[in-house]
Amino acid sequence: MAVLPQQPIAPDGLTVEELAAFGRFPYKKGFGTLGKDNQAIIDRSLKACQMEGFRNRPLKDLSGGQRQRAWIAMTLCQNTDGIVLDEPTTYLDLSHQLEILSLLDKLNKEENRTIVMVLHELNIASRFAGHMIGMKDGQIVAPGHPKPS
């Protein structure tokens, strides 16, 4: 399972491709370099997140939505069936929120990945979620499927 926290921190000077490559770290042997198979996974993940044209750009030069897509590309590089995200749309404007959630929806449907995320925007969450859980004080109070509008 890949996990993306709410406010991940990357070292200064890191490019989009270098960040994505961190997702392959568990698959490296010792201090070895990434082979062709790993590079293919990185390329596929960048493409899935529409970040292939940004691969050599420093993270610090990206917009909030672009930066979030770069982090999602890193989680995809881990090649897990499930991704857990803590408020992946925090600090993003509405158009970038919808862009990120559309990307995650596409990954769920086209790559059959299980996506679990914390969102506080219930209207937006209900647009994309197949199942929602409402919580209060750490207790589940309203589990179920969102009703179509």
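Disulfides first: the structure, a predicted model, holds zero of them, a disulfide being a pair of cysteine sulfur atoms within 2.5 Å. C49 is in no disulfide, and the nearest cysteine sulfur, that of C77, is 8.4 Å away. Why is C77 unbonded to C49? Because the sulfur of C77 is 8.4 Å from the closest cysteine sulfur, in C49, which is too far for a bond. Are these two cysteines buried or exposed? C49 is buried, at a relative accessible area of 0%, and C77 is buried with 0% too. Buried means under 20% relative accessible area, exposed over 50%, and partly exposed in between, with a 1.4 Å probe and protein chains only.

On numbering and cut-offs, residues count from 1 along each chain as its sequence is written. Local features need pLDDT of at least 70, side-chain atom pairs count only at pLDDT 80 or more, totals for chains, interfaces and linings use all residues, and side-chain values use heavy atoms, without hydrogens and water.

Next, a helix pair. Helix α3 covers residues 64-77 and helix α4 residues 94-110; their axes come within 10 Å and cross at roughly 20 degrees. Helices here are DSSP runs of H or I, at least four residues, numbered from the N terminus. Axes are lines fitted to C-alpha atoms over the stretch in contact, with angles from 0 to 180 degrees between N-to-C directions. That angle makes α3 roughly parallel to α4, the term for angles under 35 degrees.

Which residues meet? From α3, G65, Q68, R69, I72 and L76 meet H96, E99, I100, L103, L104 and L107 of α4, contact being heavy atoms within 4.5 Å.

How values were computed
Helix = DSSP H or I, 4+ residues; strand = E, 2+ residues; numbered from the N terminus. Parallel < 35°, antiparallel > 145°, perpendicular 65-115°, else oblique.
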